[in-house]
Amino acid sequence: MGEDRREEIQAYEESRETPEKKGEQERVPEPGKESQVQENTREAAEETQKQENSLEAAETEDDGSSYEFMKETIKAKPLDKKKIARQAGKLVGSGAVFGLAAALVFGALAPAFLEEARARKSAQEVQFQNSTEETEEEQEDTQEEEQEDTQEQTTIIQEMTPEDYQTLYADIFSTAQEAEKAIVTVTSSQNTQDWFQTPYESSISGLLVAESGEEYYILTEYRIVEKVDRIHVTFCDGKMIEARFQKADTNTGFAILKVPKSEVPAETQQAVAIAPLGESYNVRQGEPVLAIGCPMGYSDSVGYGIVTSTSNTVSKIDAEYGLITTDITGSSQGSGVIVNLDGEIIGIIAQSFANEDTQNLITGLSISDSRELIQTLSGNQDIIYMGITGENITSEISEKKGIPVGVFVEKVEVDSPAMQVGIQNGDVITEVNGEKVETVKGYQQQMKACKNGDTIKVKAMRQGTEGYVEVSFEVTLKAK
């Protein structure tokens with residue numbers, strides 16, 4: 001019994017042996033296999049030694065270069081020049097045939113088309129003399145250069161003889177010769193006769209401002225051609241031709257007449273010239289000028305003097321114009337143009353805009369402010385109309401009087417688009433079509449961008465019991 005117990009304890013202890021011990025016991029080579037393992041190891045070592053000896057021998061023979069690479073060059077396939085030449089020849093030949101055919105067709109048809117297009121364009125296009133108007137930067141540069149030149153000049157006082165004065169004035173008046181080629185005399189007549197059975201006639205100066213392939217366009221005053229039966233134009237060479245009324249502007253009193261070129265003799269067409277319209281933004285006080293046309297109230301009169309002011313303006317319906325005043329003595333009914341010493345027209349005489357106490361001095365509308373209007377009338381285009389007369393409210397005036405900056409409405413025309421939507425005297429227009437306006441000039445530019453029948457949005461400030469409040473309008477514009 002005790003012996004059986006010992007055998008159980010011994011079996012239990014054998015079962016608790018670790019796997020490592022079992023592995024060691026398993027790795028112990030069997031007695032018969034040890035010599036075979038050693039022999040295999042020796043054979044592997046001998047084989048390795050043989051390979052090393054072989055490698056050393058190869059290195060010795062090759063002087064340290066035991067590797068050799070294959071070198072190979074890839075060449076492109078040679079071009080077939082004959083094939084390329086044949087293809088190029090075919091392409092050039094096809095292009096030549098096509099170009100020759102196109103040239104023949106164009107040569108046959110183009111002259112007729114071009115001639116017809118030129119004739120149509122020249123007959124319809126209204127042409128003006130090229131403007132000499134400068135940009136603001138060019139004007140500033142010119143003024144700076146003139147100031148520098150003035151500083152460098154040295155004044156030399158020399159007594160002038162009567163002959164010197166005669167030469168001087170002859171040179172001055174000769175500068176107006178080119179402008180005088182564009183001056184005409186406009187004569188209107190009515191069928192009503194006086195006691196001596198003579199039709200009533202009136203004469204005034206006119207200006208040849210543009211031409212097309214078929215007609216001449218002449219600027220004059222509306223008062224001379226309103227409600228008349230016949231209108232005649234006398235050119236600089238004395239030839240008289242009947243004219244037709246085209247369009248007028250009641251703001252400025254300007255009107256455009258047309259004369260068919262077919263009725264003007266060839267020698268007269270050679271004698272006349274289109275007026276050289278200059279620019280008036282650079283005109284300064286003291287600048288010498290001439291008044292030509294009918295400044296004294298009768299034909300072919302000339303006056304000489306200087307510019308006395310360029311800062312005055314006149315407000316009209318939906319517009320503002322600059323004035324050029326001079327010390328040239330003239331008639332309250334005078335007409336014509338103001339010319340600088342370069343022979344360029346810088347102002348249109350308009351005595352109706354002169355002050356009451358200076359109507360004996362020549363006053364003109366700035367040509368730079370009138371140019372677009374002249375082109376509109378010559379082209380028989382619409383003059384857009386809202387119907388307010390305004391005044392600038394600058395920031396200084398705004399601070400002093402408490403009025404918002406903008407265009408102060410002085411007057412609203414009866415039955416105008418502005419009156420129809422409720423714009424009133426005293427309103428201050430601040431915005432037109434989403435654009436801020438602070439001056440009448442700015443308002444005028446917005447009107448020029450519109451067309452007849454357009455509906456625009458206008459914002460204004462209106463004074464109430466508690467100060468100014470914003471009011472809005474939608475105005476449908478008309479054409480005058």
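**How the labels on this structure are earned**

Mentor: Ile388 is found in strand S17, which covers residues 388-393. The model is predicted, and local features therefore need pLDDT of at least 70, side-chain atom pairs count only at pLDDT 80 or more, and totals for chains, interfaces and linings use all residues. Residues are numbered from 1 along each chain as its sequence is written, and side-chain values use heavy atoms, with hydrogens and water left out.

Trainee: What makes a run of residues such as S17 a strand?

Mentor: Strands (E, at least two residues) and helices (H or I, at least four) are DSSP runs, numbered from the N terminus. By that rule the protein has 13 helices and 23 strands.

Trainee: Why is Ile388 called buried?

Mentor: The relative accessible area of Ile388 is 1%. Buried means under 20%, exposed over 50% and partly exposed in between, with a 1.4 Å probe and protein chains only. Ile388 therefore counts as buried. Of the 480 residues of the protein, 34% earn that label.

Trainee: Which residues touch Ile388, apart from its neighbours within four places in sequence?

Mentor: A contact requires heavy atoms within 4.5 Å. Among the contacts of Ile388 are Lys316, Ile317, Asp318, Val407, Val409 and Tyr443. In the protein as a whole, residues 24 or more positions apart account for 61% of the contacts with a separation of 6 or more.

Trainee: How do you know that Asn392, another residue of S17, is partly exposed?

Mentor: Asn392 has a relative accessible area of 22%. That value falls between the two limits for buried and exposed, so the label is partly exposed.

Trainee: What does the side chain of Asn392 reach?

Mentor: The side chain of Asn392 reaches the backbone nitrogen of Val440 at 2.6 Å. Asn392 also touches Glu320, Ile397, Gly406 and Thr439, not counting residues up to four places away in sequence. Asn392 and Glu438 are 46 residues apart in sequence, with 7.0 Å between their C-alpha atoms.

Trainee: Why does Glu413, in the loop between strand S18 (406-412) and helix H12 (417-421), count as buried?

Mentor: Glu413 has 17% relative accessibility, which is under the limit for buried, and the label therefore applies. Leaving aside neighbours within four places in sequence, Glu413 is in contact with Ile317, Tyr385, Gly387, Thr389 and Met419.

Trainee: How do you know that Glu215, in strand S4 (residues 215-221), is buried?

Mentor: The relative accessibility of Glu215 is 13%, again under the limit, so Glu215 counts as buried. Beyond four places in sequence, Glu215 is in contact with Arg244, Lys258, Val259, Pro260 and Lys261.

Trainee: What makes the link between the side chains of Glu215 and Tyr217 a polar contact?

Mentor: A polar contact is a pair of N or O atoms within 3.5 Å; within protein, one must be able to donate a hydrogen and the other to accept it, and residues adjacent in sequence count only if both atoms are side-chain atoms. The side chains of Glu215 and Tyr217 are joined at 3.4 Å, so the distance meets the limit.

Trainee: Why is the aromatic pair of Phe173 and Tyr304 called tilted?

Mentor: Rings of Phe, Tyr and Trp (its six-membered ring) pair if their centres lie within 6.5 Å; planes under 30 degrees apart count as stacked, over 60 as edge-to-face and the rest as tilted. Phe173 and Tyr304 are 6.4 Å centre to centre with 55° between the planes, so they form a pair and the pair is tilted. Phe173 lies in helix H6 (residues 162-174) and Tyr304 in strand S10 (residues 301-309), so the pair ties together parts 131 residues apart in sequence.

Trainee: What makes Tyr222 and Phe245 a tilted pair?

Mentor: Their ring centres are 6.0 Å apart and their planes stand at 40°, so both conditions are met. Tyr222 belongs to helix H8 (residues 222-225) and Phe245 to strand S7 (residues 244-249), 23 residues apart. Tyr222, at 25%, is partly exposed, and Phe245, at 38%, is partly exposed as well. The whole structure holds three aromatic pairs.

Trainee: How many cavities of 30 Å³ or more does the structure hold?

Mentor: The structure holds one. On a 1 Å grid over the protein atoms alone, a cavity is a set of points where a 1.4 Å probe fits but cannot get out, and lining residues have an atom within 4 Å of a point. The largest cavity contains about 110 Å³ of space. Of its 13 lining residues, Ser205, Leu219, Thr220, Gly336 and Ile348 are the closest to the centre.

How values were computed. 1 Å grid on protein atoms, 1.4 Å probe; cavity = no way out; pocket = protein on both sides within 12 Å on 5 of 7 lines; lining within 4 Å. Points joined across faces, edges and corners; volume = space filled by probe spheres on them.
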